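Student: I am new to this structure and would like to go through it slowly, with the reasoning spelled out at each step. Could we begin once it is in front of us?

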Amino acid sequence: MAEKKIYAKFIAAFWMVARGKYPFIKKLDKPFCPAIPKSSSFYLGLHHKLEKHILINFQPSNKSWQVGEFTINIHISEKFEPTSNFHPKGGEFERFADGFYRYPSVINRDKWWCLNCTSLDSSLQSLIDYWRPSSYEVEDIIIQEAVQDVCLTLENGLLDRLGFLREEDGRKVDCVEEVK
């Protein structure tokens, strides 16, 4: 059997952590649309206050020299179906308008996680945050550090901002409901 690639291992490790840490998160049982495949996308739920369905999608780089690099996209829609707004305009995320957003819309800076040691185009260094592990020597540590950073990035930029991690009586509670 072929060995799993590091990106697939990351997705599996993220799911293992996320399902315990965020009880509202669900795996998709089928692809949501071509841009949101089942294998690397997760449903956060129907937000009570916004009345919007929210999904996250890990998007790997399609460049052969950037194998193991990925970013995060967010899909927001009133109906549990793909939005027609795949190119939202500036400011639409702040209004939580239906759309398919690159994570930079949330944190105001492009961010890519680099699971493999790859060369960087130094001209892009000032425009993009590239996450890198403390070392590329041990794959399990690379994956563990990436999962920790992705969770922290999601919590600080998206989950907390949308109220998914609001606190009641000193404990975190989610702000989503199951789709019936």
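Tutor: A residue is called buried when its relative accessible area is under 20%, and exposed when that area is over 50%. Please also keep in mind that this is a predicted model.

Student: With what average pLDDT was the chain predicted, and over which residues is the pLDDT below 50?
Tutor: The average pLDDT of the chain is 83, and 84% of the residues score at least 70. There is also a stretch with pLDDT below 50, which has 33 contacts in the model beyond near neighbours in sequence. Where pLDDT is low, the predicted coordinates should not be read in detail. The average asked for is 83, and the stretch below 50 covers residues 168–180.

Student: In what order do the elements of the chain run from the N terminus on?
Tutor: The chain holds 3 helices and 10 strands. Written from the N terminus on, with α for a helix and β for a strand, their order is α-β-β-β-β-β-α-β-β-α-β-β-β.

Student: Which residues of helix 1 are buried?
Tutor: Helix 1 takes in residues 6–21, and its 16 residues reach 22 Å from the first C-alpha to the last, close to the 22 Å expected at 1.5 Å a residue. Its buried residues pack against strand 1, strand 2, strand 3, strand 4 and helix 3. With the cut-off of under 20% relative accessible area in mind, the buried residues of helix 1 are Ile6, Tyr7, Phe10, Ile11, Phe14, Trp15 and Ala18.

Student: Which residues line the largest cavity?
Tutor: The count comes to 1 cavity of 30 Å³ or more, and the volume of the largest cavity is about 30 Å³. Its lining divides into 8 nonpolar residues, with no polar and no charged ones. The lining residues are Phe14, Tyr22, Phe24, Ile25, Leu44, Ile56, Leu154 and Leu159.

Student: Is Ile72 buried or exposed?
Tutor: Ile72 is found in strand 4, and, leaving aside residues up to four places away in sequence, Ile72 touches Ile56, Asn57, Phe58, Tyr101, Arg102, Tyr103, Trp113, Val150 and Leu154. Because the relative accessible area of Ile72 is 0%, Ile72 counts as buried.

Student: How far apart in space are the C-alpha atoms of Asn116 and Val67?
Tutor: Asn116 lies in the loop between strand 6 and strand 7, and its 24% relative accessibility makes it partly exposed. Among the residues that Asn116 touches, not counting those up to four places away in sequence, are Ile6, Gly68 and Val67. Although Asn116 and Val67 are 49 residues apart along the chain, their C-alpha atoms are separated by 7.0 Å.

Student: What is the phi of Glu51, and what is the phi of Phe96?
Tutor: Most residues other than glycine have a negative phi. Glu51, in the loop between strand 2 and strand 3, is exposed at 56% relative accessibility, whereas Phe96, in the loop between strand 4 and strand 5, is buried with a relative accessible area of 15%. Neither is a glycine, yet both have a positive phi. The phi of Glu51 is about 55°, and that of Phe96 is near 55°.

Methods. Residues are numbered from 1 along each chain as its sequence is written. This is a predicted model: local features need pLDDT of at least 70, side-chain atom pairs count only at pLDDT 80 or more; totals for chains, interfaces and linings use all residues. Side-chain values use heavy atoms; hydrogens and water are left out. On a 1 Å grid over the protein atoms alone, a cavity is a set of points where a 1.4 Å probe fits but cannot get out, and a pocket is an open set with protein on both sides within 12 Å along at least five of seven lines; lining residues have an atom within 4 Å of a point. Grid points are joined across faces, edges and corners, and a volume is the space filled by probe spheres set on the points. Ala, Val, Leu, Ile, Met, Phe, Trp, Tyr, Cys and Pro count as nonpolar, Asp, Glu, Lys and Arg as charged, and the others, Gly among them, as polar. Helices (H or I, at least four residues) and strands (E, at least two) are DSSP runs, numbered from the N terminus. The expected span of a helix is 1.5 Å times one less than its number of residues. Buried means under 20% relative accessible area, exposed over 50%, partly exposed in between (1.4 Å probe, protein chains only). Contact means heavy atoms within 4.5 Å. pLDDT is the predictor's confidence in each residue, from 0 to 100.
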